[in-house]
Amino acid sequence: LALSLSLSKWRMDDSPDTDLLADGQNNQSCQTTIEILEDSKPVVSILMFSGGLVGNVLALVLLGMHRKEIRTKSSVFCILVTGLAVTDLMGTCFLSPVVFISYARERSLVGLVGDHTLCDFFSFAMTFFGMASTLILFAMAVERCLAISHPYFYSQHMGRGFAKICLPVAYAFAASF
């Protein structure tokens with residue numbers, strides 16, 4: 001999402017967790033990264049956060065207005081699009097503040113708390129929200145494919161229950177990683 005802390009801009013502490021490469025350069029492990037360089041700028045992170053926030057809120061507003069206009073039950077596709085927008089918005093709002101704090105304090109994720117708990121949370125959240133969004137997109141593609149290529153099957157067997165099952169299954173599968 002908004003992880004733009006460039007590894008090439010990180011400064012390492014003086015720990016023995018470095019290897020000497022064949023050409024004589026040090027290969028320092030990101031396990032020991034505690035600070036980021038002062039000239040690191042969070043511009044890309046801010047732009048990505050702003051775009052994600054505005055885009056997802058706008059999508060949710062438009063979906064809400066569409067639903068009020070029609071005054072009927074939401075379609076499977078609308079439910080899945082809403083789930084996708086909410087999932088992406090939650091991912092943006094959970095992950096971006098951690099990156100902003102990291103930039104503000106000029107610390108890596110390890111340097112912020114002193115151990116790998118924040119790194120573990122961040123990696124889980126990145127994996128969860130990335131995989132959940134991808135699985136929701138997959139469900140949307142299957143739903144549209146069935147609607148176009150097999151309309152009779154779609155009209156008889158695909159209902160809102162498909163979306164109500166797909167979203168929790170996508171979240172559970174993503175959480176299992």
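Select V76, I79, L80, G83 and T87 in α2, then add R160, F162, A163, C166, L167 and Y171 in α6; these two sets meet in this predicted model. By class, the residues of this contact divide into eight nonpolar, two polar and one charged.

Now show the two helices whole. Helix α6 covers residues 160–175, and its axis lies 8 Å from that of α2, at an angle of about 25 degrees. An angle under 35 degrees counts as roughly parallel, and α2 and α6 are therefore roughly parallel to each other. In passing α6, α2 makes a right-handed crossing.

Stay on α6 and bring in helix α4, residues 117–149. On the α4 side, select F124, F128, M131, A132, L135, I136, A139, V142 and E143. Their partners in α6 are F162, C166, L167, A170, Y171, F173, A174 and A175. How many nonpolar, polar and charged residues does the contact of α4 with α6 have? The count is 16 nonpolar, no polar and one charged.

Look next at the direction of this pair. The axes of α4 and α6 come within 8 Å and cross at roughly 150 degrees. That makes α4 roughly antiparallel to α6, since angles over 145 degrees fall in that class. The crossing of α4 past α6 is right-handed.

F162, C166, L167 and Y171 of α6 are worth keeping highlighted: they meet residues of α2, and they also meet residues of α4.

Return to α2 and select its full length, residues 76–105. This helix has 30 residues and reaches 44 Å from its first C-alpha to its last, close to the 44 Å expected at 1.5 Å a residue. Step just past the end of α2 to E106, where phi is positive, at about 55 degrees.

Then select helix α1, residues 43–70, together with α2. Are α1 and α2 roughly parallel or roughly antiparallel to each other? Their axes come within 9 Å and cross at roughly 155 degrees, and the two helices are therefore roughly antiparallel. The contact of α1 with α2 has 16 nonpolar, six polar and one charged residues. Here α1 passes α2 in a left-handed crossing.

Finish by colouring the chain by pLDDT. The average for the protein chain is 80, and 77% of the residues score at least 70. Select residues 1–25, over which the pLDDT is below 50. In the model, this stretch has 52 contacts beyond near neighbours in sequence.

Note on methods
Residues numbered from 1 in each chain as written. Predicted model: local features only at pLDDT ≥ 70, side-chain atom pairs only at ≥ 80, totals over all residues. Heavy atoms only, no water. pLDDT = per-residue confidence, 0-100. Contact = heavy atoms within 4.5 Å. Helix = DSSP H or I, 4+ residues; strand = E, 2+ residues; numbered from the N terminus. Expected span 1.5 Å × (residues − 1). Axes fitted to C-alpha atoms, helices over the stretch in contact; angles between N-to-C directions. Parallel < 35°, antiparallel > 145°, perpendicular 65-115°, else oblique. Left-handed = near helix turned anticlockwise from the far one by under 90°. Nonpolar A, V, L, I, M, F, W, Y, C, P; charged D, E, K, R; others polar.
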